[in-house]
Amino acid sequence: MLVKEYKNLGKNTPESMLKAKDLSVIGTDIAIIGMACRFPDASNYREFWNNLEQGVNSIKEITAERWDVKQFYSTNISDPNTSISKWCGCLDQVDYFDNHFFNISPREATVIDPQQRLVLEEGWHCIEDSGVLLSDLQRKTTSVHVAVSSNDYGQRAYSLQGDTDSYTNLGNYKSIIPNRLSSMLGFTGTSIVVDAACASGLVVVHEAKRLLLTGESDYALAAGVSLVLHPGRYISYSKSRMLSPEGQCKTFDEGADGFVPGEGVGVLLLQRLQDAIKDNNHIYAVIKGSAVNHTGFSVSLTAPKVEAQRDLILAAYNDAGFSPETVGYIEAHGTGTSLGDPIEVEALTQAFRRYTDKMQYCKIGSVKSNIGHLEGAAGIAGIIKTILMVMNRKIPQTLNIKRLNPIIEIENTPFVVSTELTDWESLQKG
């Protein structure tokens, strides 16, 4: 996903002031006009940025509200039904919900997956943040796209110890998450959930962009949400040796030994750029290009492949219509695994080398070192971090780096790992 700031476009910029060539360029661009989120230690994007700027590590030990760590944690990875990790980037008060505001009865609210409730709340906050009238969103075609890759609450709701009632299915089917928001707010466009594992957050933005460009939508809400409410996921990840025994995402570090899960929700309101300018809406940033592909044949179902990632990056730059030689920052997937990090950097390097031989001019980092891996919501978290960087002209540090992974050979790439807070200087002069 390629995000760019438009210095001369946005609020209070009349369309008559734009040159003809500018209008032709923005015909395929998508504006981000609203934003809301809740991430670990941050109830909104202003608090989130403060944490990024201060280098806050929001990973903590799992509390009894989630599950009994003593029962499900072990330092011996071979112990059955246990996880080698007991840490998470957790949200606070996920059991709180203003059901009356959304005209939901207390009885129904108790069996609604908190992921549904979070999307309702932050979807509303995103619309408030945009300043677009709800009546305008209802009058036009507004689509809703939600990324989610788990349903831990449903495992509890359908357990034999629980009381299954007429609301249980509507409370726990993932497909209901976008549809509940569309129903509550009166939106008539496409309303769909995307589960593409940890790519989900970026795929929903790509799909929302496509509908806007075809004219099927006038506005699009793109969201991602993830909560960790059941130990089963931890146990399976642990047996697959995906989780860090130390409970940290050590992206690009020599000691990278797996990821730590995190929780969060983020929502973006999107509109065609020319319409956003015409409507005098506030523009946070502009989506210039995007692409989606699949690894195809690989050594295993979950193993990444350099060639597939390289081709995806090249496709995104082709869609955006500009060279990576002008790019000053890459928000990497950066899970902090011994396999994933080197492959990602090599794929990026091969893609950039199609355009430039410049060395170490582009910063690279990953928000997972701050808040953990949000799985279905990870891509949305990365986009929101990048938007905040554009707004504040700063590049935060990537945490947990003691010694860079020598396998990556970062000095022979276009990239510099962001290990401290720095100003973000434009690579384009004049």
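**Close-ups of helix H10 and two helix pairs**

**View 1. H13 passes H14 in a right-handed crossing (clockwise turn of the near helix from the far one, by less than a right angle).** Val306, Gln309, Arg310, Ile313, Leu314 and Tyr317 of H13 touch H14 residues, including Ile343, Ala347, Leu348, Ala351 and Phe352; contact here is heavy atoms within 4.5 Å. Sorted by class, that contact has 9 nonpolar, 2 polar and 3 charged residues. This is a predicted model, where local features need pLDDT of at least 70 and side-chain atom pairs count only at pLDDT 80 or more, while totals for chains, interfaces and linings use all residues. Numbering starts from 1 along each chain as its sequence is written, and side-chain values use heavy atoms, with hydrogens and water left out. The axes (lines fitted to C-alpha atoms over the stretch in contact) of H13, residues 306-320, and H14, residues 340-353, come within 8 Å and cross at roughly 45°.

**View 2. H5 meets H9 in another right-handed crossing.** The axes of H5 (residues 114-130) and H9 (residues 176-185) come within 9 Å and cross at roughly 45°. On the H5 side you'll find Gln115, Gln116, Val119, Leu120, Trp124 and Ile127, up against Ile176, Ile177, Arg180, Leu181, Met184 and Leu185 in H9.

**View 3. Helix H10 covers residues 200-214.** At 1.5 Å a residue its 15 residues should span 21 Å, and the end C-alpha atoms are indeed 21 Å apart. Buried residues (under 20% relative accessible area, 1.4 Å probe, protein chains only) include Val203, Val204, His206, Lys209 and Leu212. Right after H10 comes Gly215, with a positive phi near 85°.

Note on methods: Helix = DSSP H or I, 4+ residues; strand = E, 2+ residues; numbered from the N terminus. Expected span 1.5 Å × (residues − 1). Buried < 20%, exposed > 50% of the residue type's maximum accessible area, 1.4 Å probe, protein only. Axes fitted to C-alpha atoms, helices over the stretch in contact; angles between N-to-C directions. Nonpolar A, V, L, I, M, F, W, Y, C, P; charged D, E, K, R; others polar.
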